[in-house]
Amino acid sequence: MDEKPIDKQDILDELEKLHSLDHNYADGRILGSMCTEAHPFAKEVYCKFLDTNLGDPGLFKGTKQIENRVIKSIGELLSLDNAYGNIVTGGTEANLMAIRAARNHARKYKGITDGEIIIPDSAHFSFKKAADMLNLKIVEAKLDENYKIDVESVRDAISDKTVAIVAIAGTTELGLIDPIGEISKIAHENNIYFHVDAAFGGFSIPFLKRAGYDLPVFDFSLEGVCSITVDPHKMGLAPIPAGGIIFRKEEYLDVMAVDSPYLTVKTQSTIVGTRLGASSAATYAIMKYFGKEGYTKIAQNLMENTRFFSQNLKEMGYEIICEPELNIVAFNHPQMDAHALAQKLEGLGWKVSVAKCPVAIRVVLMNHIKKNHLEELLKDLKEIL
Ligand code: 0PR
């Protein structure tokens, strides 16, 4: 640290210089991000609530009410009237809370002390962190030929140590929705906690269904589903950090509660102590601002871009890994290695992401990628050939 105070303008100049090294969403060149530029109204509200701390909710009763309302309305979107849960830092923390709830519940009611979780091969790496922190063993379920969780492989993986089964609604690499109805049934029959990771799909599937898209049921209307991760800072257009964890029953929060004697509330179930009220307020504001109608328009528009992009790729001789269910396109060229293609695109100024399963270029068509950017990208892809 400097000994003497520095002039504000000098500090800002220095920060601005460093900030200019960052890529920005507005130029449409970030192709592999599930986050995007937050809506200006959400950012405005976020700044107003910067000093609120939901770690001590008795001091910030109004902001706690805002969090409760956000959880309630996300719950309703997912077919649950009385939702429990929290706005957290992102999908990683939401998944960690879900798995912690499952582990503690199984420990309390089934006496399981060395638990296992069944996750698909396509699961986000946050489950590896969760398993590591919670001392659980991962049992990987295979994927079928369509890159979705193989239902029989889940059935085979169940043991008397299974504390949770996980399926994905909007996989990180391909944006696919697992057969959640079938897995829910298996989990329910076997009395096993079932968590759905809809970090990406949670803010688009319900709206696409409303618009008439034929997508599978993935929510609390399935009786086996115990919790769902859904992230406002992905398709919800809320500022980072905003993840969401929604539980069907309060007892899943109760089994995680630890005493917090000197706070305004006597127990705490979240992983984080001091935590932003700003994330809840900004999410509340943007959900009100868009409404179902606004989110439906966004989701539809992104799907139209997705279709436009994948159609054009095919016409140029590129191969699509799977027909997109959500706004992610993964593709390859039959005569070119994916990493070599990625390198060429990087050379042309695109920020590219390469999927591992299967190896392919992966474009997440978020709100910052407009039609004109896609046209430029297609032009470059044509020239590369
Ligand atoms: N669950 C799913 C299905 C995800 O795709 C992700 C993240 C998570 C959970 C974890 O969420 P948080 O990162 O909010 O904790 N998916 C992207 C990924 O890791 C996130 C991302 C965002 C990646 C922006 C790159 C990027 O530039 O691939």
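## Ligand site, pockets and backbone features

In this predicted model, a polar side-chain atom of Thr 172 lies 2.7 Å from an oxygen atom of the ligand. The side chain of His 233 also has an N or O atom placed 2.9 Å from a ligand oxygen atom. For Lys 234, the distance from a polar side-chain atom to an oxygen atom of the ligand is 2.9 Å. On its own the ligand has 600 Å² of accessible area, and the protein covers 76% of that area.

The shell around the ligand holds 18 residues. Those that come nearest are Thr 92, Thr 172, Asp 197, His 233 and Lys 234. Thr 172, His 233 and Lys 234 therefore appear both in this nearest group and in the polar contacts, for which the cut-off is 3.5 Å between N or O atoms. Sorted by class, the shell has 11 polar, 4 nonpolar and 3 charged residues. Helix α4, which spans residues 91-110, supplies the largest share of the shell, 3 residues.

The ligand takes up the space of the largest pocket. About 600 Å³ of space lies in this pocket. Its lining is made up of 32 residues, and Ala 123, His 124, Phe 125, Thr 172 and Glu 173 are nearest its centre. Two or more lining residues come from each of α4, β2 (116-120) and α5 (126-134). Among these elements, α4 gives the most, with 3 residues. Thr 172 is thus listed among the residues nearest the centre of the largest pocket as well as among those nearest the ligand.

The second largest pocket contains about 520 Å³ of space. It is lined by 23 residues, and the closest to its centre are Lys 64, Gly 85, Asn 86, Leu 253 and Ser 269. The elements that contribute two or more residues to this lining are α3 (61-77), β1 (84-88), α9 (251-254) and β9 (267-268). Here α3 gives the most, with 4 residues.

The table sets out the class make-up of the ligand shell and of the two pocket linings.

| Group | Nonpolar | Polar | Charged |
|---|---|---|---|
| Shell around the ligand | 4 residues | 11 residues | 3 residues |
| Lining of the largest pocket | 13 residues | 11 residues | 8 residues |
| Lining of the second largest pocket | 8 residues | 9 residues | 6 residues |

The remaining points concern the backbone. Most residues other than glycine have a negative phi, and most peptide bonds are trans. A cis peptide bond joins Ile 240 to Pro 241, with omega at about 0 degrees. Pro 241 belongs to the loop that runs between β6 (225-229) and β7 (243-247). Another cis peptide bond is found between Cys 357 and Pro 358, where omega is about -5 degrees. The loop that holds Pro 358 lies between β12 (353-356) and β13 (359-364). Tyr 147, a residue other than glycine, has a positive phi, near 65 degrees. This tyrosine, Tyr 147, sits in the loop between β3 (137-141) and α6 (151-157).

Notes
Residues are numbered from 1 along each chain as its sequence is written. This is a predicted model: local features need pLDDT of at least 70, side-chain atom pairs count only at pLDDT 80 or more; totals for chains, interfaces and linings use all residues. Side-chain values use heavy atoms; hydrogens and water are left out. A residue is near a molecule or strand if one of its heavy atoms lies within 4 Å of it. A polar contact is a pair of N or O atoms within 3.5 Å; within protein, one must be able to donate a hydrogen and the other to accept it, and residues adjacent in sequence count only if both atoms are side-chain atoms. Accessible areas come from the Shrake-Rupley method with a 1.4 Å probe; for residues, only the protein chains shown count as cover. On a 1 Å grid over the protein atoms alone, a cavity is a set of points where a 1.4 Å probe fits but cannot get out, and a pocket is an open set with protein on both sides within 12 Å along at least five of seven lines; lining residues have an atom within 4 Å of a point. A molecule sits in a cavity or pocket if more than half of its atoms lie within 2 Å of its grid points. Ala, Val, Leu, Ile, Met, Phe, Trp, Tyr, Cys and Pro count as nonpolar, Asp, Glu, Lys and Arg as charged, and the others, Gly among them, as polar. Grid points are joined across faces, edges and corners, and a volume is the space filled by probe spheres set on the points.
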